[in-house]
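Trainee: I am new to this structure and should like to begin with a single part. Please take me closely through the interior, and relate the surroundings to it.

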Amino acid sequence: MKNKEIERLNLAMKETSDKRLYERYLAVRLRLEGHTFAEIGNLLGRLRQTISNYWQSYQNQGLSGLEMGHSPGQPPKLTEEQRIQLAAMLEQKQPADVGFEARYTWTLPLIAEWIKREYGVTMSVRGISAMLRRMNFSFTKATYTLANADEEAQAFFRKHTFAQLKKQEEAEEIDHLLFEDESMIRSYQELQYNWFPRGKQRKVPTYGKHEGAKLFGAINYETGQVHHREEEKADVAAFIRFLEDLLLAYPNGKIAMILDNSRIHHATGLQPFLKEHPRLHLVFLPPYSPNLNPVERLWLWLKSDVVNNVFFEKFYKIKLHVSQFMKRVNKHPMETIDRLLVRF
């Protein structure tokens, strides 16, 4: 039980960017590891009573009790059991599922109405917002998922196929374990929210053209190293050129490359190349499983940082921005591992 608590704290420490909250998590973890309040206080430069308060807050309300701005002495309006029920309901059900006809988005007023109806407790919108943040909820945009995805096949891939690949790499039967994917970068991408003076709107000029580049990308699971290649179209010949790049980047040893079931990955024209290079082994993901490929998240990162809200009037400028992003990413491979590979 204690090891699981420490794992949860380690994960929370990785995810927070708040130094004071990180300190609270660290103090509790050190306490779980057997250190005294006085020892932790000396280490962190805090009073013994402060560390004791962190611990008591954690004992009473778990991680949520350590959130900044939360007063450990203020009694919660909902019991722990009620908060657990609320969290499960928000994650698993839409308003229409619990009696709010033709409503499909949970808003704070709607949550307040549900709490009043179910528990007879009146809470303000502000109070609910603070409580949800302490419960590790955030106001996020929904995302689409592929209805045809086979959850059992994905679970098998994680627990068996990928686990076996990692064992083979540890045993040095595989020398390089890569993920691969392709993406299209157009001369202008979707427009995103960004900070700008109130009442004004950022304008992005465009010629109305749809020029762009096809990107091939691969991430080394062990090192976080990213390799990429720009092409004008994604066909078998372009894919082979990218594979040649990878073989040059990894001149020795067996390469296992995980990728999706795109037509060019199964193309007849690819087979002679694979026979000529037997040390390159392709491992296919289950159909409709982009969530299992970290390169998909690399593309989102790329577009968010250097592509969205920009118009590129020349093809070479797209390539320049992409190359600069890749160079920056490869200077900090641990960030790539933490951001893209930690869930594996």
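Mentor: A residue is called buried under 20% relative accessible area, exposed over 50%, and partly exposed in between (1.4 Å probe, protein chains only). The model is predicted, so local features need pLDDT of at least 70 and side-chain atom pairs pLDDT 80 or more, while totals for chains, interfaces and linings use all residues. Residues are numbered from 1 along each chain as its sequence is written, and side-chain values use heavy atoms, without hydrogens or water.

The protein has 344 residues, and 40% of them count as buried. Its 13 helices and five strands are DSSP runs numbered from the N terminus (helices H or I, at least four residues; strands E, at least two). A contact means heavy atoms within 4.5 Å. Of the contacts in the protein with a separation of 6 or more, 65% join residues 24 or more positions apart.

Let us turn to the interior itself. A nonpolar core is a set of buried Ala, Val, Leu, Ile, Met, Phe, Trp, Tyr and Cys residues joined through side-chain atoms within 4.5 Å. The largest such core holds 28 residues, and Phe162, Leu165, Ile258 and Leu298 touch the most other members. Two or more residues of this core come from each of the helices α8 (151-170), α11 (294-307), α12 (315-331) and α13 (333-341), and likewise from each of the strands β1 (176-186), β2 (212-220) and β4 (255-259). Helix α11 gives the most, with five residues. In soluble globular proteins, nonpolar side chains tend to be buried together.

Which residues does Leu165 contact, once its neighbours within four places in sequence are left aside? They are Ile174, Leu177, Ala256, Ile258 and Val283. One of these partners, Ile258, is itself among the four residues that touch the most other members of the core.

Two loops next to elements of the core deserve attention. In the loop between α8 and β1 lies Glu172. This residue is not a glycine, yet its phi has a positive value, near 65°. Glu172 counts as exposed because its relative accessible area is 65%. Tyr288 is found in the loop between β5 (280-284) and α11. Its phi is also positive, near 55°, again in a residue other than glycine. With a relative accessible area of 47%, however, Tyr288 is only partly exposed.

The helix α12, which gives two or more residues to the core, also contains Lys319. The relative accessible area of Lys319 is 32%, so this residue is partly exposed. Lys319 is brought together with a remote part of the chain: Glu230 is 89 residues away in sequence, but the two C-alpha atoms are 7.0 Å apart.

A similar pairing involves Ala237, which belongs to helix α9 (residues 236-249). Because its relative accessible area is 38%, Ala237 counts as partly exposed. Along the chain, Ala237 and Leu270 are 33 residues apart, and their C-alpha atoms are separated by 8.3 Å.

To return to the core, the residues to locate in the view are Phe162, Leu165, Ile258 and Leu298. From Leu165 one may then follow the contacts to Ile174, Leu177, Ala256, Ile258 and Val283.
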